[in-house]
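Please find below my notes on the model, set out as numbered points. They can be followed alongside the sequence and the coordinates.

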2 protein chains.
Amino acid sequence: MNRIKRIERIIAMTKILIDNPHYLFSFRYFCEKFQIAKSTLSEDVSAIKNSMDTFGIGKVETLAGAAGGVRFVPGSNDEEDQKFLVELAHKLSTPDRILPGGLLYMTDLLCDPQIVSRLGEIFMKKMYDLRPDCIMTVETRGIPLALLVARAFNVPLVMARHGSSVTEGSSVNINYVSGTTKTIQTMTMPKRSLHAGERVLIIDDLMKGGGTAHGMVKLVEELGAVVVGKAFLIEAAEPQDKIIADYTALLRLYKIDEANMKIDIKPN
Amino acid sequence: MNRIKRIERIIAMTKILIDNPHYLFSFRYFCEKFQIAKSTLSEDVSAIKNSMDTFGIGKVETLAGAAGGVRFVPGSNDEEDQKFLVELAHKLSTPDRILPGGLLYMTDLLCDPQIVSRLGEIFMKKMYDLRPDCIMTVETRGIPLALLVARAFNVPLVMARHGSSVTEGSSVNINYVSGTTKTIQTMTMPKRSLHAGERVLIIDDLMKGGGTAHGMVKLVEELGAVVVGKAFLIEAAEPQDKIIADYTALLRLYKIDEANMKIDIKPN
């Protein structure tokens, strides 16, 4: 009976840790919740840690001391991540994704919860050291991806809008040139969504010339916050000259050949 | 040693089930993955099931027979859900959320991954029997919520846009009257995002008169799909006459009193 109970307790602990990525639970929290001694908790945490290591399904970190505790850091192993990205590139290469004008249809994949969950964890693993306070994106297509990066980091998402929104109070606007439409556009962000000094990680689905990303950087700076990183699911090989530097991209789109219906996209 | 191994295996199984809500894993999948007999798997699954029941952190369902298997259905118990909604209503009631024009600022809460994750599971529990094939919303503010409802159901999200988008191919447009801005607006949806006969659950953050929701219903019908449900985080008490019927709302916004800086919002 006791043995069953131990298993049930560890399952519940696993679920709680997974549901709250990066959140540092004090040892006391679990000791009190499950009415166990600290030595017992240590054994339980070791079991979870070993399992995650063995199966490559995330990490459990323990911090000693008065301010210590235990936390879950999501992420598969690098090999699995690479396999996932190769498969994703393959899915993005089917000829029926070519839209008039040589554009790539990818909204369906960006709205698939399983795919964006997995991508969120991959981005988090790569950007872990940046320790962002929040994730930023601009509407619309990149929102699901950015939200699940935010979920993997367990930090809030902030969204810039095109034009201004009446439902978000006073805001800051900037103008930028979008590479896709080649027009001057306005991007706006509610003042209360970012605070001075906050560390912001910019996430978007596609980066061509970097105009939109550059707009986001300017918005963050206008609000007194700090861009600690810029990461994209896909970077286009063309144009070669980008307005922004120091970014990360998981996939690289080499060419969309409309005449021969071929898409060349590969993991970076 | 064997005992430790059993625990590690069960932890990994728990993680896999949680990461794939509603997905029916065949018994064979786990037997082969962990190299165990079916009787051993049954014991493992029982332990996970018991733990989830004991701690109210979700459900594990097993289906017998050749097409059978095991799956995880997320969701806390009703009492915890209710407590969460009371707290959320409380957070939404702080006077600094009142924007000029008597609007409610709630983007921050709708972009908090923990909050929308939890809401996603609550919506899923309430709408479980509708068995939607996909979740639909319209940009922008409701996207994070709708995505995590989609994640809880483990089905895709589809997004309608305002105006038309050049990056999504041929699309269907409809006009509708938005209650917030009192103007005729256009809503658009790429043709390839929905297929005829698909069961669609509409999700949005706020419903006032129902104009926007009605627009979404019309879009779904234009594409030959079927609306199986309409659910909102918040319904406004005013106007009392809604364009749509048969909907679910978790919270009810009774009044925003701009003069006295008071917001009256409660769980339904």
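1. In this predicted model, Arg192(A) lies over the face of Tyr105(B), at 4.3 Å from the ring centre. Another arginine, Arg131(B), is placed over the face of Tyr128(B), and here the distance from the ring centre is 4.5 Å.

2. Turning to pairs of rings, 14 aromatic pairs are counted over all chains. One of them is formed by Phe34(A) and Phe55(B), whose centres are 5.4 Å apart and whose planes make an angle of 80°, so that the pair counts as edge-to-face, the cut-off for this being over 60 degrees. This pair crosses between chains, since Phe34(A) belongs to helix H2 (residues 27-34) of chain A and Phe55(B) to helix H3 (residues 38-55) of chain B. Phe34(A) is buried, with a relative accessible area of 10%, whereas Phe55(B), at 30% relative accessibility, is partly exposed.

3. Phe55(A) and Phe34(B) also form an edge-to-face pair, with 5.4 Å centre to centre and 80° between the planes. This pair too crosses between chains, from helix H3 (residues 38-55) of chain A to helix H2 (residues 27-34) of chain B. Phe55(A) is partly exposed at 30% relative accessibility, while Phe34(B), with a relative accessible area of 10%, is buried because the limit for that class is under 20%.

4. Phe34(A) and Phe55(B) belong, moreover, to one aromatic cluster, in which they are joined by Tyr23(A), Phe25(A), Tyr29(A) and Phe30(A).

5. In chain A, an open sheet of 8 strands follows the order S7-S8-S6-S5-S9-S10-S11-S12, with mixed pairing. Its edge strands, each pairing on one side only, are S7 (171-177) and S12 (262-267) of chain A, and the twist from one strand to the next averages 25°. Within this sheet, strand S5 (residues 134-138) of chain A runs parallel to strand S9 (residues 199-207) of chain A and is joined to it by 3 bridges; Met136(A) has Ile202(A) in S9(A) as its bridge partner.

6. Helix H6 (residues 113-127) of chain A lies across S9, S10 (226-236) and S11 (248-257) of chain A, and it runs at about 125° to S11(A).

7. The largest nonpolar core has 88 residues, and those with the most contacts inside it are Ile135, Leu233 and Leu251 of chain A together with Ile135, Leu233 and Leu251 of chain B. A second, separate core of 46 residues includes Ile10(A), Val70(A), Phe27(B) and Ile48(B). Leaving aside neighbours within four places in sequence, the residues in contact with Leu233(A) include Leu110(A), Leu119(A), Phe123(A), Asp204(A) and Leu251(A).

Conventions: Residues numbered from 1 in each chain as written. Chains lettered and ligands numbered in written order. Predicted model: local features only at pLDDT ≥ 70, side-chain atom pairs only at ≥ 80, totals over all residues. Heavy atoms only, no water. Core = buried A, V, L, I, M, F, W, Y, C linked by side-chain atoms within 4.5 Å. Buried < 20%, exposed > 50% of the residue type's maximum accessible area, 1.4 Å probe, protein only. Contact = heavy atoms within 4.5 Å. Pairing = 2+ DSSP bridges. Helix = DSSP H or I, 4+ residues; strand = E, 2+ residues; numbered from the N terminus. Axes fitted to C-alpha atoms, helices over the stretch in contact; angles between N-to-C directions. Phe/Tyr/Trp six-rings, centres within 6.5 Å; stacked < 30°, edge-to-face > 60°. Lys NZ or Arg CZ within 6 Å of the ring centre and 35° of its normal.
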